[in-house]
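Hi,

Here is the structure I promised to pass on. Have a look at it first, and then read my notes below.

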Amino acid sequence: MTESVHGVQAKGIDTDDVTIAYIGGGSREWAPKFFRDLALSDLSGEVRLHDIDHESAELNAEFGNWVQDRDEVEAEWEYEAVADRDEALAGADAVVLSTQYNPAETFVHDLDIPKDHGIYGAVAATIGPGGIFRAMRTIPVYREFAASIREQCPDAWVFNFTNPVHFVTRALYDEYPDINAVGFCHEVLWTRHHLAKIVEEELGEEAERSDISVNVKGINHFTWIDEARYKGRDLWPLLEDLVDTDRANREFTPEDLEDDSPFTDKQQATWELFRRFGVFPAAGDRHLVEYATSFLVGGKEGLNRWGVKRTTSDYRAKHWNPAESNQTTNVEAWMDGDREFELFHSNEIFDDMVAALGGEDTMVANVNMPNEGQVTDIEDGAVVETNAVIREGEIKPTTAGGFPRPVRSMINGHVDTIETIIEASRTGDVDAAFAGFLLDQQVRTLQTEEAREMFAELVAAEEEYLQDWDLDGSDVLAEADAYDA
């Protein structure tokens with residue numbers, strides 16, 4: 001893990017005067033975390049919030065400036081909602097991408113339509129039929145973002161937090177090969193937290209996430225580690241010993257999980273994959289099961305047996321409204337004094353990375369970037385997730401090696417799906433996208449005719465968000481009963 005590939009090299013960042021363009025600045029969840037983290041950082045500057053929902057961006061700008069008035073704030077930031085995207089991007093040092101369409105009009109179909117065809121997915125956000133349609137909605141927009149960045153701030157550092165991270169980050173590079181973009185996900189951070197908890201519970205030593213180092217490799221939400229250390233101590237023998245303990249061999253019923261959040265993670269799919277393949281998964285079980293699809297067999301009972309609870313369409317639909325969702329932040333309640341506000345760091349690492357790019361420190365973090373040899377078993381150009389060294393003016397992924405054959409086979413099947421959809425998106429070729437859809441390991445549980453009908457149902461339900469695709473020219477849709485051309 002000591003070697004590195006070329007990675008991305010660009011100008012450093014003046015940490016006392018950073019201009020950030022936040023595309024998706026009306027965010028109902030991540031933006032409030034982002035503002036609080038910046039308030040407690042060693043950085044200062046301005047944040048331009050752009051969103052197609054300009055009123056939400058204006059509300060967030062008001063909230064960001066309100067946060068800056070708190071006594072405990074350590075940094076100086078100004079927030080402004082900007083209606084024109086190019087104006088928001090012009091001359092930016094850093095670009096944050098964090099967008100989502102209204103889940104009540106999109107996400108609910110990604111979950112419900114596949115379920116009607118017997119695919120009981122857990123999340124439907126980054127792979128499987130729902131994840132692919134989220135990608136098809138999002139990729140054309142991110143091609144536009146990349147083109148605008150090329151024109152307005154070609155040397156900016158671009159930080160993508162939007163799912164599906166591998167599809168979206170790949171689209172940015174496909175449109176603008178010289179973009180300085182990285183995709184982010186906190187699943188590996190949570191795996192390190194999980195390992196720190198194991199150290200505390202099994203070894204009786206105090207441990208934090210920062211004490212754990214891992215060699216991470218794979219694709220987003222299907223990442224793996226083959227090295228894990230606690231303050232330099234090899235944890236692998238401990239993990240191998242735990243495979244046969246009660247900790248790694250629990251079973252659950254739907255009744256056991258009835259009162260649990262869908263984000264509950266019992267780690268049982270993680271232990272089963274480690275037991276069978278000898279490398280340790282580095283993502284939450286709710287994501288892993290959608291890539292290692294045997295866990296989905298048996299519907300609700302089969303999924304719940306592993307301690308994984310499906311995120312329902314009703315839950316997703318409510319995500320847009322803070323009055324109905326615990327996951328969505330009600331910033332107005334804070335500003336109106338109806339809810340107590342506390343200023344604390346979210347444990348995300350965006351501000352640390354910007355500081356490192358400005359030369360204040362050197363850090364290692366997991367990032368999603370095109371493969372230049374950091375993962376030996378995955379084709380070049382595909383977006384992979386590994387550790388990277390971040391320092392002034394550069395992000396260099398570290399070489400992470402390859403995989404046991406069974407894991408390599410599973411990963412490359414998903415890479416083929418991703419790459420096929422990316423290629424189809426260059427011209428909006430729906431039939432080529434359907435070919436990628438058929439490759440998906442969840443979709444392959446269906447006969448091709450039923451897969452076609454499910455595909456056509458998803459198109460019909462989400463047609464408003466698929467206008468960049470040539471729907472009229474599709475033979476697949478013309479053949480389908482579920483789509484009225």
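**What I found**

Of the 485 residues in the chain, 59% count as buried. Keep in mind that this is a predicted model, so treat my notes as a reading of that model.

**The whole chain**

There are 18 helices and 14 strands. The radius of gyration comes out at 22 Å, close to the 23 Å that the globule rule gives for 485 residues, so the chain is as compact as a globular protein of that length. If you are setting up a box, the C-alpha trace spans about 60 × 60 × 50 Å along its principal axes.

Contacts reach a long way along the sequence: taking those with a separation of 6 or more, 73% are between residues 24 or more positions apart. As for the surface, the chain exposes about 19,500 Å², and carbon and sulfur atoms supply 40% of that. On charges, I get 40 positive and 99 negative, and the mean positions of the two sets are 6 Å apart.

**A strand with two faces**

Strand E4 covers residues 77–81, and its side chains alternate. Trp-77, Tyr-79 and Ala-81 point to one face and are buried, while Glu-78 and Glu-80 point to the other face and are not buried. The strand has a parallel partner in E3 (residues 45–50), with five bridges joining the two. One pairing to look up is Val-47, whose bridge partner in E4 is Tyr-79, one of the buried residues of that strand.

**Backbone oddities**

A few spots to check when you go through the torsions:

- Asn-163 and Pro-164 are joined by a cis peptide bond, with omega at about -5 degrees. Pro-164 sits in the loop between strand E6 (157–160) and helix H6 (165–175).
- His-221 has a positive phi, near 70 degrees, and is not a glycine. You will find His-221 in the loop between strand E8 (212–219) and strand E9 (222–230). With a relative accessible area of 3%, His-221 is under the 20% cut-off and so counts as buried.
- Lys-231 is another non-glycine residue with a positive phi, this time about 50 degrees. Its loop lies between E9 and strand E10 (233–234). Here the relative accessibility is 59%, over the 50% cut-off, so Lys-231 counts as exposed.

**Two buried residues towards the end of the numbering**

Which residues does Gln-442 touch, leaving out those up to four places away in sequence? The list is Ile-119, Ile-127, Gly-128, Pro-129, Glu-290, Thr-293 and Leu-296. Gln-442 itself is in the loop between helix H16 (430–439) and H17. Although a loop residue, Gln-442 is buried, with a relative accessible area of 5%.

Then there is Ala-456, which lies in helix H17 (residues 448–462). Its relative accessibility is 0%, so Ala-456 counts as buried. Setting aside neighbours within four places in sequence, Ala-456 is in contact with Leu-477, Ala-480, Ala-482 and Tyr-483. For a sense of distance across the model, Ala-456 and Gly-91 are 365 residues apart along the chain, and their C-alpha atoms are separated by 42 Å.

Over to you!

Terms used:
Residues numbered from 1 in each chain as written. Predicted model: local features only at pLDDT ≥ 70, side-chain atom pairs only at ≥ 80, totals over all residues. Heavy atoms only, no water. Helix = DSSP H or I, 4+ residues; strand = E, 2+ residues; numbered from the N terminus. Rg over C-alpha atoms; globule rule 2.2 N^0.38 Å. Buried < 20%, exposed > 50% of the residue type's maximum accessible area, 1.4 Å probe, protein only. Contact = heavy atoms within 4.5 Å. Areas by Shrake-Rupley, 256 points an atom, 1.4 Å probe, with all protein chains shown as cover. Lys, Arg positive; Asp, Glu negative; His and termini not counted. Charge placed at Lys NZ, Arg CZ, Asp CG, Glu CD. Pairing = 2+ DSSP bridges.
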